[in-house]
There are 2 protein chains.
Amino acid sequence: MKLIEERILRDGRVLPGDVLKVDSFLNHMIDVPLISEAGREFYRLFSDCGVTKILTVEASGIGIACITATFFGCPVLFAKKTFGNNSDDEKLTQECKSYTKGKVYNLAVSKAYLTKNDRILIIDDFLAEGSALRALCGLCRQAGAEVIGAGVVIEKRYQGGGDALRAEGLRVESLAKIKSMTEKSIDFC
Amino acid sequence: MKLIEERILRDGRVLPGDVLKVDSFLNHMIDVPLISEAGREFYRLFSDCGVTKILTVEASGIGIACITATFFGCPVLFAKKTFGNNSDDEKLTQECKSYTKGKVYNLAVSKAYLTKNDRILIIDDFLAEGSALRALCGLCRQAGAEVIGAGVVIEKRYQGGGDALRAEGLRVESLAKIKSMTEKSIDFC
């Protein structure tokens, strides 16, 4: 999606450690009009798939997922990394490794909110090694829910996570696919 | 707001420890069509205030803030509880005590994204003792940004946080104000 690529080129910054910093419009400050266009595009791509619910992971996926859900008119469920003391419900959990934070944690959703009747669209901000996407698919598998596909805003394609998931049969749509990046330049597929 | 009150009565559950569980539509699963109506109402209330940015706190405020921002056409900035290794920026931080999680933590935003030119609308899911709202106001004060008001979906008014903030001059608008609640009944103001 041209709009996202242009914004990455304008405002993204490549940091040491192969990190693409886009927190001025995607995952700290959120440019809601821009992300609305991303949501509209996800709707165009997946509108005929009978989506019943959008699944994402806290925190940076929530905004994009909710904005996308305004087009679908469906609820969003976000997997949590920690649960507060206001939850006595049965959970589904799945292990996940964060690329940017460099640690392993469990993602959890309340069992009641993810069911075998759901047709799930997964939405997230980033796809690199695919660990979060894989964990979200695992939660759906445990629930017996069908994953109709995944939409991510930025895929670091050279890290291979997206293509591995595609090879396993998951439909993955990324609005900007990064072929390579250095501190001097970012190239898209 | 009738719609929110009715939904709380239908799906909310009062748990021991004075906790109102609304995670089937507000802060785990998000009923996006319902929250869109909440966002529309926040827009009606604050549309003439020259809002430049909506400020909230991760994770449960993000969805509501982003949906509300689609009406304002403005960006959302969410304060973080932890920063990953993709952030080398200068931060503003403010201490905050979580009511439901029972712990103290720091809220932080990147200094670059909250400025003295901003007119901030704070949006959050819950207001009880007012600690999160107070911390968000503190971040704005540090930045020299003007807080034009705060919109919350549910205020547990009997805990006094909202009225204390109102007494200090903050405009606080809550869509459902709980006067009292027990495991058997919930009464609104």
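1. I begin in the sheet: in strand β9 of chain B, the residue that serves as bridge partner of B:Ile123 is B:Gly151. Strand β8 (residues 119-127) and strand β9 (residues 146-156) of chain B run parallel and are joined by eight bridges. Helices (H or I, at least four residues) and strands (E, at least two) are DSSP runs, numbered from the N terminus.

2. The model is a predicted one, in which local features need pLDDT of at least 70 and side-chain atom pairs count only at pLDDT 80 or more, while totals for chains, interfaces and linings use all residues. Residues are numbered from 1 along each chain as its sequence is written, chains are lettered from A and ligands numbered from 1 in the order in which they are written, and side-chain values use heavy atoms, with hydrogens and water left out.

3. The wider sheet draws on both chains, since its seven strands form an open sheet in the order β3(A)-β5(B)-β4(B)-β8(B)-β9(B)-β10(B)-β11(B), with mixed pairing; two strands pair if DSSP finds at least two bridges between them. Its edge strands, each of which pairs on one side only, are β3 (29-30) of chain A and β11 (186-188) of chain B. Helix α3 (residues 60-72) of chain B lies across β3 of chain A and across β4 (53-57), β5 (76-79), β8 and β9 of chain B, running at about 170° to β4(B). For that angle, axes are lines fitted to C-alpha atoms, for helices over the stretch in contact, and angles run from 0 to 180 degrees between N-to-C directions.

4. The two copies are related by a rotation of 180° with 0.0 Å of shift along its axis, which superposes chain A on chain B with an RMSD of 0.0 Å. That is the relation of a two-fold axis, the superposition being by least squares on the C-alpha atoms of residues with pLDDT of at least 70 in both. Of the interface residues of chain A, 98% are also interface residues in chain B, so the copies meet through the same surface.

5. In helix α1 (residues 2-11) of chain A, A:Ile4, A:Glu5, A:Arg7 and A:Ile8 are buried, where buried means under 20% relative accessible area, exposed over 50%, and partly exposed in between (1.4 Å probe, protein chains only). Seen down the axis of α1(A), these buried residues fall within an arc of 165°, so they line one face of the helix; the arc is that of the directions from the helix axis to the C-beta atoms. On the other side of α1(A), A:Lys2, A:Leu9 and A:Arg10 are exposed. The cover over the buried residues includes β2 (19-21), α2 (32-46), β9 (146-156), β10 (172-181) and β11 (186-188) of chain A.

6. The largest nonpolar core has 80 residues, and those with the most contacts inside it are A:Ile8, A:Leu20, A:Ile54, B:Ile8, B:Leu20 and B:Ile54. A nonpolar core is a set of buried Ala, Val, Leu, Ile, Met, Phe, Trp, Tyr and Cys residues joined through side-chain atoms within 4.5 Å. Apart from it lies another core, of 29 residues, among them B:Leu107, B:Tyr113, B:Val152 and B:Leu165.

7. Two backbone features deserve a check. A cis peptide bond joins A:Glu58 and A:Ala59, with omega about -5°, and A:Ala59 lies in the loop between β4 (53-57) and α3 (62-72) of chain A. Phi of A:Asp18, a residue other than glycine, has a positive value near 60°; A:Asp18 is in the loop between β1 (13-15) and β2 of chain A.

Technical notes:
Contact means heavy atoms within 4.5 Å.
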